[in-house]
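Trainee: I'm new to this one, and I'd like to know what stands behind the labels people use. Can we go through it together?

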Amino acid sequence: MAFRWIGKSQDGNTVTLKKLIDCPVQTPEYVSENWLHTNQDLVRTAMVLDVETTGLNQNEDQVIEIGLRQFDFNKNTGEVLRLGKSYSALQDPGRPLSPEIVALTGITDEDLAGQKIDWNHVDQLISESCLVIAHNAKFDRPFIDRKSKTSKERIWGCSFKQVDWHSKGFNSPKLELLNIYHGFFTDSHRALNDVDALLYLLSIPETQSEKPYLMELTTNAKRMMTHMIASSAPFESKEHLKSRGYGWDNTNRFWSKVIFKDDVKNEITWLEDVVYSGPFNGIQRDIPLMDNFK
(Lines give C-alpha, C1' and ligand atoms only; values in the text may rest on other atoms or scores of the structure.)
Protein backbone atom coordinates (compact mmCIF):
# COMPACT_ATOMS: atom_id res chain seq x y z
CA MET A 1 0.00 0.00 0.00
CA ALA A 2 1.36 3.42 -0.95
CA PHE A 3 1.51 5.82 1.96
CA ARG A 4 0.91 9.53 2.07
CA TRP A 5 4.07 11.59 2.13
CA ILE A 6 2.78 14.86 3.49
CA GLY A 7 4.69 17.76 1.96
CA LYS A 8 5.54 15.91 -1.23
CA SER A 9 5.09 17.99 -4.39
CA GLN A 10 2.53 16.96 -7.01
CA ASP A 11 5.28 16.03 -9.45
CA GLY A 12 6.92 13.87 -6.77
CA ASN A 13 10.32 15.52 -7.15
CA THR A 14 10.55 17.50 -3.92
CA VAL A 15 9.47 17.25 -0.29
CA THR A 16 8.91 20.21 2.03
CA LEU A 17 9.41 19.60 5.73
CA LYS A 18 8.26 21.92 8.50
CA LYS A 19 9.96 22.13 11.88
CA LEU A 20 7.61 21.07 14.64
CA ILE A 21 7.25 23.79 17.26
CA ASP A 22 5.77 22.60 20.56
CA CYS A 23 2.86 20.22 19.86
CA PRO A 24 0.39 21.79 17.38
CA VAL A 25 -2.32 19.14 17.73
CA GLN A 26 -5.56 20.13 16.03
CA THR A 27 -8.46 19.38 18.34
CA PRO A 28 -11.92 18.50 16.98
CA GLU A 29 -14.30 21.37 16.34
CA TYR A 30 -16.86 19.97 18.76
CA VAL A 31 -14.54 20.28 21.77
CA SER A 32 -15.32 23.00 24.30
CA GLU A 33 -15.07 23.26 28.06
CA ASN A 34 -18.80 22.57 28.25
CA TRP A 35 -18.49 19.48 26.02
CA LEU A 36 -15.60 18.16 28.12
CA HIS A 37 -17.63 18.65 31.28
CA THR A 38 -20.81 16.99 29.98
CA ASN A 39 -19.00 14.09 28.29
CA GLN A 40 -16.64 13.04 31.04
CA ASP A 41 -17.52 9.40 30.39
CA LEU A 42 -15.79 9.67 26.99
CA VAL A 43 -12.70 11.57 28.15
CA ARG A 44 -9.56 9.75 29.23
CA THR A 45 -6.18 11.15 30.27
CA ALA A 46 -3.02 9.56 28.92
CA MET A 47 0.65 10.47 28.78
CA VAL A 48 3.44 10.32 26.22
CA LEU A 49 6.86 9.77 27.80
CA ASP A 50 10.46 9.57 26.61
CA VAL A 51 13.84 9.20 28.28
CA GLU A 52 17.43 9.76 27.28
CA THR A 53 19.93 7.52 29.06
CA THR A 54 23.63 6.91 29.55
CA GLY A 55 23.37 3.72 27.49
CA LEU A 56 21.24 0.72 26.57
CA ASN A 57 21.73 -1.45 29.68
CA GLN A 58 18.46 -1.17 31.59
CA ASN A 59 20.00 -2.54 34.78
CA GLU A 60 23.15 -0.45 34.91
CA ASP A 61 22.66 2.70 32.81
CA GLN A 62 20.79 5.74 34.09
CA VAL A 63 18.19 8.23 32.91
CA ILE A 64 19.77 11.60 32.12
CA GLU A 65 16.66 13.31 30.74
CA ILE A 66 12.94 12.74 30.96
CA GLY A 67 10.16 14.39 29.00
CA LEU A 68 6.44 13.73 29.33
CA ARG A 69 3.15 15.32 28.37
CA GLN A 70 -0.36 14.49 29.47
CA PHE A 71 -3.31 14.83 27.12
CA ASP A 72 -7.03 14.10 27.11
CA PHE A 73 -8.51 11.96 24.35
CA ASN A 74 -11.89 10.66 23.22
CA LYS A 75 -11.88 6.95 24.08
CA ASN A 76 -14.37 6.19 21.26
CA THR A 77 -12.57 7.99 18.43
CA GLY A 78 -8.94 8.36 19.51
CA GLU A 79 -9.07 12.12 18.91
CA VAL A 80 -6.81 14.29 21.07
CA LEU A 81 -9.11 16.71 22.89
CA ARG A 82 -6.61 18.94 24.68
CA LEU A 83 -3.05 19.03 25.89
CA GLY A 84 -2.32 18.70 29.58
CA LYS A 85 0.59 19.07 31.97
CA SER A 86 4.16 18.59 30.76
CA TYR A 87 7.43 18.00 32.57
CA SER A 88 11.03 17.94 31.41
CA ALA A 89 14.13 17.57 33.55
CA LEU A 90 17.77 16.52 33.45
CA GLN A 91 19.60 14.19 35.83
CA ASP A 92 23.27 14.20 36.76
CA PRO A 93 24.41 10.55 36.53
CA GLY A 94 27.47 11.20 38.64
CA ARG A 95 29.89 10.15 35.90
CA PRO A 96 30.95 11.47 32.50
CA LEU A 97 28.83 10.70 29.46
CA SER A 98 30.31 8.67 26.65
CA PRO A 99 31.18 10.55 23.45
CA GLU A 100 28.50 8.49 21.66
CA ILE A 101 25.73 9.68 24.00
CA VAL A 102 26.88 13.31 23.76
CA ALA A 103 26.83 13.05 19.96
CA LEU A 104 23.43 11.35 19.92
CA THR A 105 21.58 13.64 22.34
CA GLY A 106 23.56 16.87 22.31
CA ILE A 107 23.54 16.71 26.13
CA THR A 108 26.89 17.45 27.80
CA ASP A 109 28.33 16.81 31.24
CA GLU A 110 28.08 20.55 31.87
CA ASP A 111 24.34 20.46 31.11
CA LEU A 112 23.82 17.72 33.68
CA ALA A 113 26.01 19.01 36.51
CA GLY A 114 23.90 19.24 39.66
CA GLN A 115 20.62 18.49 37.85
CA LYS A 116 17.98 16.21 39.40
CA ILE A 117 14.69 14.70 38.22
CA ASP A 118 11.79 15.09 40.67
CA TRP A 119 10.58 11.48 40.65
CA ASN A 120 7.77 12.27 43.13
CA HIS A 121 6.37 14.72 40.58
CA VAL A 122 6.78 12.13 37.80
CA ASP A 123 4.90 9.61 39.97
CA GLN A 124 2.06 12.08 40.52
CA LEU A 125 1.67 12.75 36.80
CA ILE A 126 1.74 9.02 35.97
CA SER A 127 -0.90 8.37 38.65
CA GLU A 128 -3.22 10.84 36.88
CA SER A 129 -2.92 8.96 33.56
CA CYS A 130 -4.69 5.76 32.54
CA LEU A 131 -2.12 4.94 29.86
CA VAL A 132 1.59 5.69 29.42
CA ILE A 133 2.78 5.75 25.79
CA ALA A 134 6.34 5.49 24.54
CA HIS A 135 7.60 4.90 21.02
CA ASN A 136 9.70 1.96 22.21
CA ALA A 137 8.10 1.06 25.51
CA LYS A 138 10.26 -2.04 25.93
CA PHE A 139 13.24 0.32 26.24
CA ASP A 140 11.69 3.18 28.23
CA ARG A 141 9.52 1.29 30.71
CA PRO A 142 12.24 -0.62 32.61
CA PHE A 143 14.12 2.64 33.26
CA ILE A 144 10.95 4.29 34.58
CA ASP A 145 9.88 1.25 36.62
CA ARG A 146 13.21 1.36 38.47
CA LYS A 147 12.38 4.85 39.74
CA SER A 148 8.59 4.96 39.86
CA LYS A 149 6.21 2.87 41.94
CA THR A 150 3.18 4.16 40.04
CA SER A 151 4.57 3.16 36.65
CA LYS A 152 4.40 -0.52 37.60
CA GLU A 153 0.65 -0.14 38.19
CA ARG A 154 -0.15 1.45 34.83
CA ILE A 155 -0.85 0.03 31.38
CA TRP A 156 1.84 1.01 28.90
CA GLY A 157 1.30 1.45 25.17
CA CYS A 158 3.94 1.25 22.47
CA SER A 159 3.57 3.22 19.24
CA PHE A 160 6.43 1.21 17.73
CA LYS A 161 4.68 -2.15 18.25
CA GLN A 162 0.98 -1.35 18.64
CA VAL A 163 0.49 0.64 15.44
CA ASP A 164 0.89 -1.47 12.31
CA TRP A 165 3.01 0.98 10.35
CA HIS A 166 4.07 -1.62 7.80
CA SER A 167 0.49 -2.34 6.71
CA LYS A 168 0.12 1.38 6.04
CA GLY A 169 3.06 1.34 3.63
CA PHE A 170 5.79 2.66 5.93
CA ASN A 171 8.90 0.52 5.58
CA SER A 172 10.36 1.68 8.89
CA PRO A 173 8.66 2.43 12.23
CA LYS A 174 11.52 4.65 13.44
CA LEU A 175 10.10 7.88 14.83
CA GLU A 176 12.44 10.18 12.87
CA LEU A 177 11.42 8.58 9.57
CA LEU A 178 7.71 8.57 10.40
CA ASN A 179 7.98 12.26 11.22
CA ILE A 180 9.57 12.98 7.84
CA TYR A 181 6.95 10.93 5.99
CA HIS A 182 4.32 13.05 7.73
CA GLY A 183 5.88 16.34 6.67
CA PHE A 184 7.77 17.53 9.73
CA PHE A 185 11.03 17.26 11.63
CA THR A 186 12.18 18.08 15.13
CA ASP A 187 15.34 18.38 17.19
CA SER A 188 15.28 14.67 17.94
CA HIS A 189 16.91 12.77 20.76
CA ARG A 190 15.84 15.36 23.29
CA ALA A 191 13.09 13.91 25.42
CA LEU A 192 10.33 16.52 25.28
CA ASN A 193 10.93 17.15 21.56
CA ASP A 194 10.40 13.45 20.87
CA VAL A 195 7.32 13.41 23.13
CA ASP A 196 5.68 16.28 21.26
CA ALA A 197 6.62 14.78 17.89
CA LEU A 198 5.07 11.43 18.84
CA LEU A 199 1.86 12.93 20.21
CA TYR A 200 1.46 15.08 17.11
CA LEU A 201 2.11 12.06 14.87
CA LEU A 202 -0.46 9.95 16.72
CA SER A 203 -3.07 12.68 16.33
CA ILE A 204 -2.86 12.52 12.51
CA PRO A 205 -5.69 10.54 10.82
CA GLU A 206 -4.57 7.53 8.83
CA THR A 207 -5.55 7.37 5.19
CA GLN A 208 -8.07 4.51 5.01
CA SER A 209 -10.06 4.71 8.25
CA GLU A 210 -9.57 8.47 8.67
CA LYS A 211 -9.15 7.76 12.39
CA PRO A 212 -6.09 9.02 14.28
CA TYR A 213 -3.24 6.55 14.70
CA LEU A 214 -3.90 6.97 18.42
CA MET A 215 -7.15 5.01 18.04
CA GLU A 216 -5.29 1.92 16.86
CA LEU A 217 -2.75 2.25 19.65
CA THR A 218 -5.28 2.66 22.48
CA THR A 219 -7.33 -0.25 21.12
CA ASN A 220 -4.29 -2.52 20.96
CA ALA A 221 -3.05 -1.41 24.38
CA LYS A 222 -6.19 -3.02 25.84
CA ARG A 223 -5.65 -6.34 24.05
CA MET A 224 -4.08 -9.18 26.01
CA MET A 225 -0.67 -10.29 24.78
CA THR A 226 1.00 -13.71 24.87
CA HIS A 227 4.67 -14.67 24.95
CA MET A 228 5.15 -17.42 22.37
CA ILE A 229 8.20 -19.57 23.07
CA ALA A 230 9.29 -21.95 20.31
CA SER A 231 11.26 -24.22 22.61
CA SER A 232 13.00 -27.24 21.07
CA ALA A 233 12.55 -25.76 17.61
CA PRO A 234 14.64 -27.63 15.02
CA PHE A 235 17.83 -25.79 14.03
CA GLU A 236 16.84 -25.80 10.37
CA SER A 237 13.75 -23.70 11.19
CA LYS A 238 15.92 -20.76 12.29
CA GLU A 239 15.41 -18.64 9.17
CA HIS A 240 11.65 -19.24 9.18
CA LEU A 241 11.44 -18.07 12.80
CA LYS A 242 13.60 -14.99 12.14
CA SER A 243 11.49 -13.95 9.16
CA ARG A 244 8.37 -14.40 11.30
CA GLY A 245 9.71 -11.93 13.88
CA TYR A 246 11.01 -14.34 16.51
CA GLY A 247 14.11 -13.35 18.47
CA TRP A 248 16.76 -15.63 19.91
CA ASP A 249 17.11 -15.69 23.72
CA ASN A 250 20.76 -16.57 24.22
CA THR A 251 20.34 -17.09 27.98
CA ASN A 252 17.40 -19.47 27.84
CA ARG A 253 18.30 -20.85 24.41
CA PHE A 254 14.97 -20.51 22.64
CA TRP A 255 13.22 -18.46 19.96
CA SER A 256 10.30 -16.30 21.09
CA LYS A 257 8.10 -13.33 20.33
CA VAL A 258 5.14 -11.50 21.86
CA ILE A 259 1.85 -11.47 19.97
CA PHE A 260 -1.76 -10.56 20.67
CA LYS A 261 -3.57 -13.34 22.51
CA ASP A 262 -6.31 -13.51 19.89
CA ASP A 263 -3.64 -14.36 17.29
CA VAL A 264 -2.32 -17.37 19.24
CA LYS A 265 -4.44 -19.98 17.44
CA ASN A 266 -3.16 -18.91 14.01
CA GLU A 267 0.41 -18.70 15.32
CA ILE A 268 0.29 -22.23 16.69
CA THR A 269 -1.02 -23.45 13.34
CA TRP A 270 1.94 -21.78 11.59
CA LEU A 271 4.42 -23.22 14.10
CA GLU A 272 2.99 -26.73 13.68
CA ASP A 273 3.07 -26.50 9.89
CA VAL A 274 6.40 -24.73 9.36
CA VAL A 275 8.57 -25.29 12.44
CA TYR A 276 7.58 -28.50 14.19
CA SER A 277 5.98 -30.43 11.32
CA GLY A 278 3.69 -31.80 13.99
CA PRO A 279 2.13 -30.81 17.33
CA PHE A 280 3.22 -27.51 18.90
CA ASN A 281 6.06 -28.31 21.28
CA GLY A 282 6.57 -24.84 22.70
CA ILE A 283 5.19 -22.70 25.52
CA GLN A 284 2.66 -19.88 25.60
CA ARG A 285 2.52 -17.45 28.50
CA ASP A 286 -0.22 -14.85 28.82
CA ILE A 287 1.00 -11.40 29.90
CA PRO A 288 -1.16 -9.29 32.26
CA LEU A 289 -1.97 -5.91 30.68
CA MET A 290 -0.01 -4.01 33.30
CA ASP A 291 3.07 -6.16 32.62
CA ASN A 292 3.35 -5.37 28.91
CA PHE A 293 6.81 -4.15 27.89
CA LYS A 294 8.39 -4.81 31.28
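Trainee: Why does Ser 159 count as buried or exposed, whichever it is?

Mentor: Bear in mind that this is a predicted model. Buried means under 20% relative accessible area, and Ser 159 comes in at 0%, so it counts as buried. You'll find Ser 159 in the loop between strand E6 (155–158) and H6.

Trainee: What is Ser 159 in contact with?

Mentor: Leaving aside neighbours within four places in sequence, Ser 159 is in contact with Ala 134, His 135, Trp 165, Leu 198, Leu 202 and Leu 217. Two of those names come back when we get to H7: Leu 198 and Leu 202 are among its buried residues.

Trainee: And Gly 157, how do you know whether it is buried or exposed?

Mentor: Same test. The cut-off for buried is under 20%, and Gly 157 has a relative accessible area of 0%, so it is buried. Gly 157 sits in strand E6. Not counting residues up to four places away in sequence, it touches Leu 131, Val 132, Ile 133, Ala 134, Ala 137, Gln 162, Leu 217, Ala 221 and Phe 293.

Trainee: What makes H7 "largely enclosed"?

Mentor: The count does: 10 of its 13 residues are buried, so the rest of the structure largely encloses it. The buried ones are Ala 191, Asp 194, Val 195, Asp 196, Ala 197, Leu 198, Leu 199, Leu 201, Leu 202 and Ser 203.

Trainee: How do you know how the span of H7 compares with what is expected?

Mentor: H7 covers residues 191–203 and reaches 19 Å from its first C-alpha to its last. The expected figure at 1.5 Å a residue is 18 Å, so the span is close to it.

Trainee: What about H10, where do its end C-alpha atoms stand against a straight helix?

Mentor: Helix H10 (residues 264–276) also has 13 residues, but its ends are only 16 Å apart, short of the 18 Å of a straight helix. Just after H10, Ser 277 takes a positive phi of about 50 degrees.

Trainee: Which residues of H10 are buried, and what do they pack against?

Mentor: Val 264, Glu 267, Ile 268, Trp 270, Leu 271, Val 275 and Tyr 276 are the buried ones. They pack against strand E8 (225–230), helix H9 (238–243), strand E10 (254–260) and strand E11 (283–287). As a general point, an α-helix has 3.6 residues a turn, so residues three or four places apart point the same way.

Trainee: Why is Ser 231 called buried when its value isn't 0%?

Mentor: Because the line is drawn at 20%, and Ser 231 has a relative accessible area of 15%, so it falls under the cut-off. Ser 231 is in the loop between E8 and H9. Its side chain reaches the backbone oxygen of Asn 281 at 3.3 Å. Beyond its sequence neighbours within four places, Ser 231 is in contact with Phe 254, Tyr 276, Asn 281, Gly 282 and Ile 283.

Trainee: What makes Arg 190 and Glu 65 a salt bridge?

Mentor: The cut-off is 4 Å between a side-chain nitrogen of Lys or Arg and a carboxyl oxygen of Asp or Glu. Their side chains meet at 3.0 Å, N to O, so the pair qualifies. Arg 190 lies in the loop between strand E7 (184–185) and H7, and Glu 65 in strand E3 (residues 63–74), so the pair ties together parts 125 residues apart in sequence.

Trainee: Are those two partners buried or partly exposed, and how do you know?

Mentor: One of each. Partly exposed runs between 20% and 50%. Arg 190, with 26%, is partly exposed, whereas Glu 65, with 4%, is buried.

Trainee: How many salt bridges does the rule give?

Mentor: The count comes to 14. Lys 261 and Asp 286 are one of the pairs, with side chains meeting at 3.0 Å, N to O. Lys 261 lies in the loop between E10 and H10 and Asp 286 in strand E11, so this pair ties together parts 25 residues apart in sequence.

Trainee: What joins Glu 33, Asp 72 and Arg 82 into one network?

Mentor: Salt bridges that share partners.

Notes: Residues are numbered from 1 along each chain as its sequence is written. This is a predicted model: local features need pLDDT of at least 70, side-chain atom pairs count only at pLDDT 80 or more; totals for chains, interfaces and linings use all residues. Side-chain values use heavy atoms; hydrogens and water are left out. Helices (H or I, at least four residues) and strands (E, at least two) are DSSP runs, numbered from the N terminus. Buried means under 20% relative accessible area, exposed over 50%, partly exposed in between (1.4 Å probe, protein chains only). Contact means heavy atoms within 4.5 Å. A polar contact is a pair of N or O atoms within 3.5 Å; within protein, one must be able to donate a hydrogen and the other to accept it, and residues adjacent in sequence count only if both atoms are side-chain atoms.
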